[in-house]
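These are my notebook entries on a structure that I am reading for the first time. I set down what I looked up, in the order in which I looked.

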Amino acid sequence: MGDGQFLLRTEDITLSFGGVQALSDVNVELKAGDITSLIGPNGAGKSSFLNCLSGFYRPQRGSVYLNGEDITRLPSYKVAEMGIGRTFQGVQLFEGLTVQDNIMAGRHIRMKTGILGAALYFGPSRAEDIRHRKVVEDIIDFLEIKPIRKALVGALPFGMKKKVDMARALALEPKILLLDEPLTGMSRDDKEDMARFIYDLQEEWNMTVLVVEHDMGVVMDISDKVVVLEYGRKIAEGLPEEIRQNEHVIKAYLGKSH
Amino acid sequence: MELDTIPKLLKHQYEIRPDIAAIRDKDYGIWNEYTWRDTYNNVKWFSLGLISLGLQPGERGSIVGDPDPELFWAQWAIQAARGIAVVMFTDVLGPEVQYYVTHSDSRFIIARDQEQVDKVISIWDELAGVEKVIYWYYKGMTKYDDTYLMRYDEVQRLGRKYEEEHPGSFEKIIAEGEGKDISNFFYTSGTTGLPKGGMLTHIGLIKNTQKILGVLGGNPLNEKDDILCYLPPAWFAEPVYGSIPHLLTGAKLNIPEEPETVFNDMREIAPVMILGGPKQWEGWVSMIEAGIENAGLLEKFIYKVFRPIAMKRANAVIEKKEMGLGWNVLWHIGNVLIFHGIRDRIGMTRARLCNTGAFVLAPESFAFLTGLGIGLRQGYGATEGGLVTAHTLDDITPDTCGSILPGVEVRITDEGEIVWRSDLVFSGYHKNPEATEKVLRDGWYHSGDSGYVNENNHLVFLDRLSEMRELRGGEKFAPQYIESRFRFSHYIKDAISIGNRDTDYVSAIINIDYDNVGRWAEKKGITYTTFTDLSQRREVGDLMKRQVDRVNGQLPHETRIKKYVLLHKEFDADEAELTRTRKLKRSIVEEKYASLIDAIYGEQNICTVETEFTYEDGRKGKISADVNIYEA
């Protein structure tokens with residue numbers, strides 16, 4: 001199949017840390033506009049895989065292609081510039097800044113004015129600031145975090161920080177969004193909200209999303225495709241209902257308590 | 001044309017100030033303005049759209065969702081088409097939506113967003129006779145393809161088309177409207193049974209609003225003033241405190257960004273009218289106190305210096321005395337230095353009409369706010385009966401609901417119920433003549449509230465009639481009213497008033513506040529060992545007598561407290577005497593202290609009380625104490 005249909009594709013990704021084989025020959029294809037979920041027991045290599053995609057880790061072997069272009073060896077900031085945004089399992093934010101400023105910081109690679117222009121704040125840099133603020137406000141509106149716009153991130157509960165982290169990733173205006181356990185540590189209500197946001201991202205913004213998540217109910221509800229990892233290997237891939245029936249998966253993951 | 005309907009008021013404002021800002025809505029973090037022309041056109045297109053979809057005069061449209069300009073426009077559009085608006089509370093559940101929509105026989109549902117539309121979809125099969133479900137917040141709605149769903153702007157597009165085919169029809173239908181037409185159903189949830197749809201007329205709502213604005217006297221609202229829409233539009237108080245004052249005077253209607261951002265938005269707007277329940281006002285008091293607690297040393301010092309001056313002013317207002325020139329000058333210095341800053345913090349620098357509902361605010365809170373220059377007043381009214389009383393600025397007494405408004409006739413029935421008659425009373429409950437009959441007899445509205453009119457012609461609200469108790473002689477008293485008055489003293493933690501058909505008078509069991517009474521005792525040089533010891537000291541008994549006298553001063557003669565005791569232990573939630581939220585469990589307390597209560601109504605002036613309690617490990621223990629019985 002040509003790359004026209006797949007936005008992001010990995011070929012035989014293999015990664016090891018010393019003697020530990022984290023990923024072996026993982027092939028995954030993300031179709032443009034799909035929500036793909038990556039599931040698997042703890043230590044299966046899900047976060048490592050995400051780190052390979054976003055340029056944090058360099059796989060020893062294998063390649064990552066974005067629209068047919070090899071991005072495996074690019075540094076993470078380049079990957080971000082090319083349109084891959086991500087959130088983190090443990091939230092990575094500036095705790096001493098407001099929500100608004102954190103999201104604005106997520107846009108820095110889209111900013112063009114130099115230091116001098118920004119300091120003087122006139123003409124083009126002012127116009128640019130207003131434009132960026134508009135995007136930020138759209139995201140704030142989208143994720144329904146208006147009441148905490150001016151709150152310091154450090155003072156927010158964890159579930160809220162997760163939303164802000166997602167907002168920060170969205171500020172990049174990515175084509176592909178990688179979400180690392182977006183629902184962990186959230187209340188039932190927050191989970192429902194978050195699942196709806198992910199769904200809306202696809203519907204309204206036509207975003208391609210890859211979600212690493214443990215909440216099977218949500219995964220099966222929102223995914224177009226599910227990929228299962230175990231001990232660094234891909235053991236299954238398919239529609240949610242196929243995965244639910246797959247005996248290998250049931251044995252490895254679904255059937256066991258986790 | 002007489003301005004006797006809501007749409008006529010809107011059209012009038014549009015004609016006299018088309019390009020002045022009417023509504024400001026905070027969205028994306030900034031205040032967006034809509035002129036009267038914007039409002040008028042939006043209402044016009046939406047109204048004609050509904051008409052072209054088949055809305056007939058007298059038919060209902062239900063609205064649900066957080067306030068946005070579209071919510072008000074939709075409401076006025078339904079009313080302009082001579083229909084009736086039914087606004088629901090934002091947090092209603094699917095089955096409730098079903099009840100309101102089917103009970104009101106609504107032809108249209110206007111729902112803000114995906115969340116609200118989902119509720120409607122979940123019960124759609126149960127809804128007969130609804131033409132369309134219209135939504136105005138499009139996020140997440142792209143893939144919804146049910147044929148009964150329609151976008152807000154799509155309805156307005158139909159409206160424009162209708163206007164081309166029937167020019168002038170909107171102006172014509174507005175002119176046809178009459179003041180006596182029903183404009184809204186306001187559903188009131190009684191404590192029992194299903195909510196009842198109170199029908200209010202255009203002119204009823206307008207007159208209620210005029211009564212409220214009338215309290216402002218020679219300082220009426222104008223187009224430079226700001227009103228903040230923060231009350232739920234499903235409640236009768238919203239139109240009369242928000243949207244209709246806006247339509248009557250041209251004052252700007254400001255819509256907060258989210259219900260959660262109200263405090264912030266309020267600070268930015270500094271609205272002229274604020275209506276809050278006692279809980280909200282007390283919330284503001286504690287917000288201010290917390291703010292001072294966290295302030296810098298200098299601010300704290302200034303506050304400490306000027307606080308007595310604020311209290312002086314509060315007393316002067318409440319006792320209706322002149323403060324004297326010197327004090328006045330001092331207060332104004334304090335105002336510049338700190339009071340204005342505090343008012344600014346909570347967005348009350350421009351508030352001219354600050355009202356609280358029927359339940360009485362603690363006098364300390366009342367005095368605190370008054371001292372800071374916030375002209376807080378009480379009012380009393382009901383959805384079905386309209387406004388009845390209000391304080392005028394020169395006649396404020398914290399423990400009454402204020403004097404009876406001109407044009408309202410108030411009577412207290414033999415049962416002690418407050419009933420009244422005025423042109424503000426509603427037109428009955430929708431499809432429920434029996435319920436209407438119960439509250440509306442010969443034009444008199446029966447409120448179900450108990451109260452009396454005091455010597456200054458102020459109305460005093462006691463409690464719901466159903467909560468009242470009766471003495472042997474048939475005199476009624478309000479236990480909660482008495483108990484809440486006791487709690488206003490910081491020497492008293494809790495109190496319970498006793499009295500029923502077997503007793504001749506009311507008595508009280510009082511729980512002293514150990515910390516505050518303890519401190520008082522130390523200052524007076526009174527020695528004590530334990531709670532039990534302190535509570536039974538004669539001096540403490542005398543201290544409490546002053547509190548009982550104070551409470552008695554607010555009660556009618558025949559239900560004054562004759563005897564009281566100070567309990568030897570604190571009421572305790574672990575012993576089921578209180579709920580976890582510190583509400584008294586009356587029946588349990590009465591049963592537990594039955595022997596003490598017998599003694600109060602007997603001849604003794606001392607009673608030995610034994611109470612059993614359970615240790616954490618399950619063993620039972622007993623404390624016994626001699627409890628003094630005092631006469632008030």
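**Entry 1: chain A as a whole.** I began with burial and noted that 38% of the 258 residues of chain A count as buried. I take a residue as buried if 20 or more other C-beta atoms lie within 10 Å of its own, as exposed if 12 or fewer do, and as partly exposed in between, with C-beta atoms placed from the backbone. The model is a predicted one, in which local features need pLDDT of at least 70 and side-chain atom pairs count only at pLDDT 80 or more, while totals for chains, interfaces and linings use all residues. Residues are numbered from 1 along each chain as its sequence is written, and chains are lettered from A and ligands numbered from 1 in the order in which they are written.

I then looked up the elements of chain A and found 10 helices and 11 strands. Helices (H or I, at least four residues) and strands (E, at least two) are DSSP runs, numbered from the N terminus. The C-alpha atoms of chain A fill a box of roughly 60 × 40 × 35 Å along the principal axes. The radius of gyration of chain A is 19 Å, which agrees with the value near 18 Å for a compact globule of 258 residues. This radius is taken over C-alpha atoms, and the globule rule is 2.2 Å times the number of residues to the power 0.38. Of the contacts in chain A between residues at least 6 apart in sequence, 68% join residues at least 24 apart. A contact here requires C-beta atoms, placed from the backbone, to lie within 7 Å.

**Entry 2: two places in chain A.** I looked at helix α1 (residues 46-53) of chain A, where 7 of the 8 residues are buried. The buried residues are A:K46, A:S48, A:F49, A:L50, A:N51, A:C52 and A:L53. After α1(A) comes A:G55, with a positive phi near 85°.

I also looked up A:E181, which sits in the loop between β8 (176-180) and α7 (188-205) of chain A. Its phi is positive, near 50°, and the residue is not a glycine. A:E181 is buried because 20 other C-beta atoms lie within 10 Å.

**Entry 3: chain B as a whole.** Chain B has 21 helices and 28 strands, and 44% of its 632 residues count as buried. Its C-alpha atoms fill a box of roughly 90 × 55 × 50 Å along the principal axes. For 632 residues a compact globule would have a radius of gyration near 26 Å, and the 28 Å of chain B agrees. Among contacts in chain B with a separation of 6 or more, 63% are between residues 24 or more positions apart.

**Entry 4: helices of chain B.** In helix α4 (residues 94-103) of chain B, I found B:V97, B:Y100, B:V101 and B:H103 to be the buried residues. Their cover includes β3 (60-64), β5 (106-111) and α5 (114-122) of chain B. B:D105 follows α4(B) and has a positive phi near 50°.

How far apart are the axes of α8(B) and α9(B)? Helix α8 (residues 202-214) and helix α9 (residues 237-249) of chain B have axes 9 Å apart and pack at about 90°. The axes are lines fitted to C-alpha atoms, for helices over the stretch in contact, with angles from 0 to 180 degrees between N-to-C directions. The two helices are therefore roughly perpendicular, a term for angles of 65 to 115 degrees; under 35 is roughly parallel, over 145 roughly antiparallel and the rest oblique. By class, the contact of α8(B) with α9(B) has 10 nonpolar, 2 polar and no charged residues. Ala, Val, Leu, Ile, Met, Phe, Trp, Tyr, Cys and Pro count as nonpolar, Asp, Glu, Lys and Arg as charged, and the others, Gly among them, as polar.

**Entry 5: two single residues of chain B.** B:Y28 lies in the loop between β1 (21-27) and β2 (30-35) of chain B, and its phi is positive, near 50°. B:Y28 counts as partly exposed because it has 15 C-beta neighbours inside 10 Å.

B:E289 belongs to helix α11 (residues 278-293) of chain B. Is B:E289 buried or exposed? B:E289 counts as exposed, with 11 C-beta neighbours inside 10 Å.

**Entry 6: where the chains meet.** The contact takes 8 residues from chain A and 10 residues from chain B. On the side of chain B that touches chain A, I noted 1 nonpolar, 4 polar and 5 charged residues.

Conventions:
Two residues are in contact if their C-beta atoms, placed from the backbone, lie within 7 Å.
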